[in-house]
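Q: Please take a close look at the buried interior of this structure, and walk me through it slowly, one residue or helix at a time. I am in my first year, so explain each term where it comes up.

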Amino acid sequence: MFNGLLVNMFRFSIFIIFLLFAATVVADDVDAVSSATIQQERVPINRKAVLSCHNPLITSLDTLSSLSVGNGHFAVTVDATGMQTFPEHYANGVPLCAMSDWGWHRFPNVDNLREEETQRSIRFPHRSHDEVYAVEYKQGGRQQAATSYFRVNPHRLNLGTIGLSISNGQCPLSDIRQELQLYDGLLSSHFVTEGKPVDVLTACMPDRDAVIYQIKSPLLRDGHLAVSLRFSYPTGRHADDANDWAKPERHTSRLIRQTEHSALIQRTLDSTIYYLSLRWEGNAALTEVEPHHFKLYSRSGKLSFEAYYCQDLPSENTESTFSFSDALKAVHHHWNSNWQKGAFVDFSQCTDPRASELERRVVLSQYLTLINCANDTPPQETGLTYNSWFGRPHLEMTWWHAVHFALWGRPEILEHLMPWYSDIAYSKAEEIARRQGYRGVRWMKMTDPWAGEAPSNVGSFLIWQQPHVIYMAEQLYRANPTVETLNQYSKLVEETAEWMADFVCRDSITGQFQLRGVTAMQESMSKDFSYNHPFELAYWRYGLLTAQQWRLRQGLQRCVEWNTIISNLSPLPQSDGIYTAGEPLSSPLGESEGESQWSIKSRSDHPAVLGACGLLPSSMADTVYSPLVMEKTLQWVLDNWRWETTWGWDYGMVAMAAARLGQPEKAVDILLSDFTKNRYLPSGHNFQTADRLRLYLPGNGALLTAIAMMCAGWDGAPAVMNPGFPSDGRWNVRWEGLKPMQ
C-alpha cells in the first residue's frame, strides 16, 4: 500500500510538472504582448539618448530649415543665426515669425459689411426647406466685398521680428552650426562674420509668451553687432509671413517705458493693442532708430535678454531683475520633465534601414505638435509657425491636430481644447444649425478663436468635422471613464448627434438614409455632382452609435430615431468590386466628358474611402464594410491614385487602413513613400508645396496617430506586439505609454 502511494505521488508530481510546463508554453504563445510589455518596463527607454540622435543640425542659410521654439501658446521661428536676422531672405521658405494664440487683428470694416451679406439661401432637391450658407460671392458689389472681408478677418499677427543687426551687412556668414537640443528645449547657434565668432542661445519660456536670447561676440563690444527689433503691418494674404513693411503710417510702435535694464513698447494696429516687454542683463540700452525699428546695444561682449509679448499692459513687476541662467533652468526643467511624461517610441533595435528616418520624423513631430498645437483653441494648419488661410483654424483638421495626444498619453492636451467647443463655439454652431433649419449644433469649418464662420463654396458644405467632437469626447472617456467625464461632455455629444440625425435624408424608394448636399472629405467630390461619400457614411454610423453608448452610460434610453438611421444608412458605394468615392448625381460632369472627369476626380485629393477603415473602429468591419472589398480598394488606391494631389495626412490614414487590414508591410511602405507631400524637412515639418504651403502639421499629427496605432494596436487587434509592423524581425519597435486606438 505504501509503495502504491509513492507511485501515485510520483505520477501526480509528474502531472503537475507537465501542467506547469504546458502553461508556460501556452503563456509564451498567447501572452506575447504581456511578456514583451514587462520586458519593456524592466528596461526603460533612454529617452534623452533617442532625442539627442535627432537634434536638428543646420549648417547653412537654408530657407526651408528654419527652426522654432515655443510652448504651445506661443512660438518663435528663427533662421540660422538663432534669431530673425534675415526675414526677407526666408519669406518664401519657412518664414520667421513670432505668433501666439491671442495675437489677432482685423482690418477696419470701413464699409460696414455684414456677415449676412455673405449668406445665400439654397433649396436642395432633396429638401423641403431652404438652407442658408456662408458662401463666396464673386460677382462684385457688397456681397463680394463681404466675402473677401470675412474670409480675411480676423487674421493672425506676426508679433515682431527680433534679429541681429550686423554693421557690415554684406559680409557673408561662415562656419554656421546650429543645433536644436530637443531634450533641453534649447537652440544653440554659431557662425562667423567679419572674421569674428558669434554664438547665440535661444529658448522659449514655458509659462509665458517670452523668448530668451544670449548673444556672445566681440562684435557686440565693438558696436558692429546689435539686436534689431522691427514691427510690421499685417498683409492679410492667404499664406505668408504677415509682414507688410510698406505701411508704416497704418500702425504705431511706441516706447512707453524704459529703465536701466528694461523697456516696454506698445503696439497699436487699428483696434488691436499689445505690448513687448524687454528685460536684459548688464550694460545695454534700447534706441529708436526710426518708426517701428529699435536697436538694443550692449557695452560688453555678451548680451542676455528676454522679449515678452503680452496682450495686456504688463505690471511694473515684470521689470524685475532678469537672470538668463535662472530662465534657462526653468526651460530645461520644463522640457526635461515633459519628455519623461507621456509615451515614447524607440526604433534603435530595428534592422530595417528606413527605421532611423522614421524615428526622426516621429521624434520631431512630437516636438512640433507640442509647441504648435497644444493650446486652448484649435490650431491652424501651419500652427504658430507662419500663416496659412490667414492664420485661421480648420475644424476638420482638429482630428489630426489633437487625437494623437490622447494616444500618446497626453489626454490633458485634448481636454484643454474641448472647452472651446462648449464655451465659445457652441452658440455659433447652434445658430448655424437653426439658420439652416436643423436641430442640434453644426460645427463650422474655417473659424477663429471667437468661432467666426468664414464664407466658402467648399468649406461651408463639409460635414466630416461634425463627428470629431464625439470622437474626441470618447477618447477622453477612454482615458478617464468616470461620471464626471460623461457630465462634462454629454451635451456636446448629444447635440452634435442631434444635428447629424436631422441632417440625413431618407430615400422614398429604398428607405435608406443618405447624405446629400455635402462636399466630401475628398474635396474633389463636390456636392454638385456626388453624394453618399464613403467616409462620411461610415463616420455618421460611428458618431450615432457612440452617442447612443453615451446615453446608455448615463442611464438613458437609446434614441429611437438614431437607431432607425443607424439600421438604414446607405451602404458604402461600390463599383467593379471596390468601394468608390461616392455616388454620382445624374450627368454630373457633362454628357460627353462626365465619365472621364468622374474617373479623374474620384482618384484625386484625399483617398477618403480608406478612412472608413483606417480612422474608425474595426467593429465597422462586416457591418459597414467588407474587409475583403476594402483590401481590394486599398490595393486599387495604391496602384491608381493621383498621389501628386494628396495631402500630408493621407499617408498616415492609408497606413492605418493597411494595418487594420493585416498588411503591415504596406503600412510601413506608405509611411515612408517617396512622394513630394510625404517629405519631412530638417526641422521635422511635413512639407507640402514650395509655392504656398511649406509645412503642414496635420501630416505630423497623422504620422503620430499611425505610429501609436501600429505599436499599441487597436480594439480587436491581434494579440501581438506592434501589430501594425511587419513581424519578420526587422521592426523590433520598443515603446512606452502608448494607448490602443479604437
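A: A residue is called buried when its relative accessible area is under 20%, exposed when that area is over 50%, and partly exposed in between, as found with a 1.4 Å probe on the protein chains only. The model is predicted, so local features are described only at a pLDDT of at least 70 and side-chain atom pairs only at pLDDT 80 or more, while totals for chains, interfaces and linings use all residues. Residues are numbered from 1 along each chain as its sequence is written, and side-chain values use heavy atoms, with hydrogens and water left out.

A good place to begin is helix α9, where a helix is a DSSP run of H or I with at least four residues, a strand is a run of E with at least two, and both are numbered from the N terminus. Helix α9 covers residues 398–407, and it is largely enclosed by the rest of the structure because 10 of its 10 residues are buried. Among these buried residues are Trp399, Trp400, His401, His404 and Phe405, together with Ala402, Ala406 and others. The buried residues of α9 pack against α8 (355–372), α10, α11, α13 (534–553), α18 (649–660) and α20 (697–712). After α9 comes glycine 409, which has a positive phi near 70°.

One of those packing partners, helix α10, holds leucine 414. At a relative accessible area of 1%, leucine 414 is buried. Contact here means heavy atoms within 4.5 Å. Without counting neighbours within four places in sequence, leucine 414 is in contact with Ala402 and Ala406, and also with Met472, Gln475 and Leu476. Ala402 and Ala406 are themselves among the buried residues of α9, and in this way leucine 414 leads back to the helix where we began. Serine 530 lies elsewhere: it is 116 residues from leucine 414 in sequence, and the two C-alpha atoms are 34 Å apart in space.

Between α10 (411–435) and α11 (468–479) there is a loop, and alanine 451 is found in it. The phi of alanine 451 is near 65°, which is a positive value in a residue other than glycine, and with 1% relative accessibility this alanine counts as buried. Alanine 242, which sits in the loop between β14 (225–230) and β15 (251–258), likewise has a positive phi near 65°, and at 4% relative accessibility it counts as buried. A loop residue can also be exposed, as with glycine 555, which lies in the loop between α13 and α14 (560–568) and counts as exposed at 63% relative accessibility.

The interior can also be described as nonpolar cores, where a core is a set of buried Ala, Val, Leu, Ile, Met, Phe, Trp, Tyr and Cys residues joined through side-chain atoms within 4.5 Å. The largest such core has 229 residues, and those touching the most other members are Phe305, Phe347 and Ile707. Leaving aside neighbours within four places in sequence, phenylalanine 347 is in contact with Ala355, Leu358, Glu359, Val362, Ile707, Phe725, Trp731 and Val733. A second, separate core has five residues, including Met525, Phe529, Ala581 and Trp598.

A buried residue can be found in a strand as well, and leucine 286 of strand β18 (residues 284–290) is one to look at. Leucine 286 is buried, with a relative accessible area of 6%. Apart from residues up to four places away in sequence, leucine 286 touches several partners, including Leu229, Leu255, Ile265, Trp280 and Phe294, and also Gln258 and Lys295. From leucine 286 to alanine 690 the separation is 404 residues in sequence and 38 Å in space, C-alpha to C-alpha.

Last come the cysteines, for which a disulfide is defined as a pair of cysteine sulfur atoms within 2.5 Å. The structure holds zero disulfides. Cysteine 310 is in no disulfide, and the nearest cysteine sulfur, in cysteine 204, is 14 Å away. At 6% relative accessibility, cysteine 310 counts as buried. For cysteine 350, the closest cysteine sulfur is that of cysteine 711, and the 8.6 Å between the two sulfurs is too far for a bond. Cysteine 350 also counts as buried, at 11% relative accessibility.
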